[in-house]
Amino acid sequence: MFGTKKKVPQIDKEQLELIKNAQMRIKQKKRLYTHFILFLIGSVALIVANLGLHIGETFKPLGKDWFIFIVGFWLIILIYHTFNVFVIDRFMGPTWQQDQLDKLVAKQKEGIEKLKTKLPATETAPTPPAIEKKKLNSKQNITLIVAASENNAIGKDNQLIWHLKDDLQRFKSLTSGHCIIMGRKTFESFPKPLPNRTHIVITTQQNYKVPHGVIVVHNIDDALDAALEDKTPFVIGGGEIYKQALPFANKIELTRVHDTFEADTHFPEINLKEWREIQNIYHPENEQNDHAFSFITYERF
Ligand SMILES: NC(=O)c1ccc[n+]([C@@H]2O[C@H](COP(=O)([O-])OP(=O)(O)OC[C@H]3O[C@@H](n4cnc5c(N)ncnc54)[C@H](OP(=O)(O)O)[C@@H]3O)[C@@H](O)[C@H]2O)c1
């Protein structure tokens with residue numbers, strides 16, 4: 001039903017020889033064993049015939065019972081057979097074993113040489129860094145969302161530097177319902193977890209205590225894995241985490257605050273060879289926003 005394809009042998013000549021030899025050796029030993037059993041039964045039968053059934057009772061060559069000669073002769077044949085199997089015909093003896101070992105070593109050497117010839121090719125081939133692999137494999141739209149000044153300042157003393165109501169509203173509307181990935185310091189800058197978002201906090205602290213529902217991880221990879229269910233997870237800062245997450249990101253939602261500030265935390269420089277601006281909306285300063293700013297969206301080329 002599933003076809004009658006002729007089987008192609010998967011083993012090479014030497015393996016075949018090894019198997020044949022092993023089979024022959026088993027046969028040799030089996031024959032010797034059968035011979036031994038026959039000898040035992042035969043000897044007992046001869047003794048019973050001679051001494052029990054009194055067959056040829058009067059025939060006593062050299063004054064001995066006749067069975068002694070037959071059993072003795074048979075024993076010599078059996079010893080010769082044993083000698084043959086374990087000494088003379090021992091084709092799988094030390095020499096043969098050495099031969100096999102030499103063949104095996106030669107084969108291994110051949111394999112190593114083949115590998116060596118392939119090695120330069122693999123050495124010169126550029127190995128993509130783990131970070132790149134992850135980025136390429138990712139089916140997620142990983143977005144960095146940030147408000148940064150003209151000099152890329154984003155925070156000071158673990159706080160935001162400005163008050164921009166529109167920016168906070170935009171942050172809320174973009175991130176609501178999504179995973180938000182952040183560093184431990186940014187998490188601690190909130191009075192309490194933000195509603196309707198899954199918080200993923202990165203820290204080196206193994207026993208870091210968080211409110212119910214907040215996920216704690218210990219590196220950026222695990223943070224992204226924890227957000228796998230979300231097609232659009234947001235990395236919300238701060239400076240350390242933006243830097244580490246930037247290579248994984250496909251999108252940046254930047255609020256560019258049109259001023260310069262003194263700060264202790266900065267956003268990394270956006271390389272315009274890697275990122276293209278797809279949207280730019282300017283907002284002037286007003287009573288609800290301390291500074292003029294632009295909502296700029298970048299996508300990775
Ligand atoms: N303008 C904006 O849009 C914006 C957004 C967010 C934050 N901010 C500002 O940014 C500042 C905070 O940023 P930050 O750079 O100081 O801190 P952060 O990035 O929020 O958090 C840093 C902490 O994250 C943990 N961490 C970082 N990398 C890690 C790794 N690879 N493995 C394990 N844990 C890791 C460490 O926590 P442990 O020390 O516990 O190990 C580290 O101390 C604040 O001023 C905040 O207001 C601004």
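1. How far apart do the end C-alpha atoms of residues 66-88 lie, and how much of the span is helix or strand? In this predicted model, the two end atoms of residues 66-88 are 32 Å apart, and the span is 100% helix and 0% strand.

2. The reason for looking at residues 66-88 is that the UniProt record, in an unreviewed entry, places the feature "transmembrane region" there and also at residues 32-54. For residues 32-54 the end C-alpha atoms are 31 Å apart, with 91% of the span in helix and 0% in strand.

3. On confidence, the protein chain has an average pLDDT of 86, and 82% of the residues score at least 70. Residues 1-10, however, have a pLDDT below 50, and this stretch makes zero contacts in the model beyond near neighbours in sequence. Residues 122-128 also have a pLDDT below 50, with one contact beyond near neighbours in sequence. Where pLDDT is low, the predicted coordinates should not be read in detail.

4. Turning to the ligand, there are 28 residues around it, of which Gly155, Gly183, Gly237, Gly238 and Gly239 come nearest. Two or more residues of this shell are given by each of several elements, among them strand E1 (143-149), strand E2 (153-155), strand E3 (179-183) and strand E6 (234-237), as well as helix H6 (184-188) and helix H8 (239-245). Helix H8 gives the most, with four residues.

5. As for the chemical character of the shell around the ligand, its residues divide into 16 polar, nine nonpolar and three charged.

Note on methods. Residues numbered from 1 in each chain as written. Predicted model: local features only at pLDDT ≥ 70, side-chain atom pairs only at ≥ 80, totals over all residues. UniProt positions renumbered as here; feature names shortened; annotations may be inferred. pLDDT = per-residue confidence, 0-100. Contact = placed C-beta atoms within 7 Å. Near = placed C-beta within 6 Å. Nonpolar A, V, L, I, M, F, W, Y, C, P; charged D, E, K, R; others polar.
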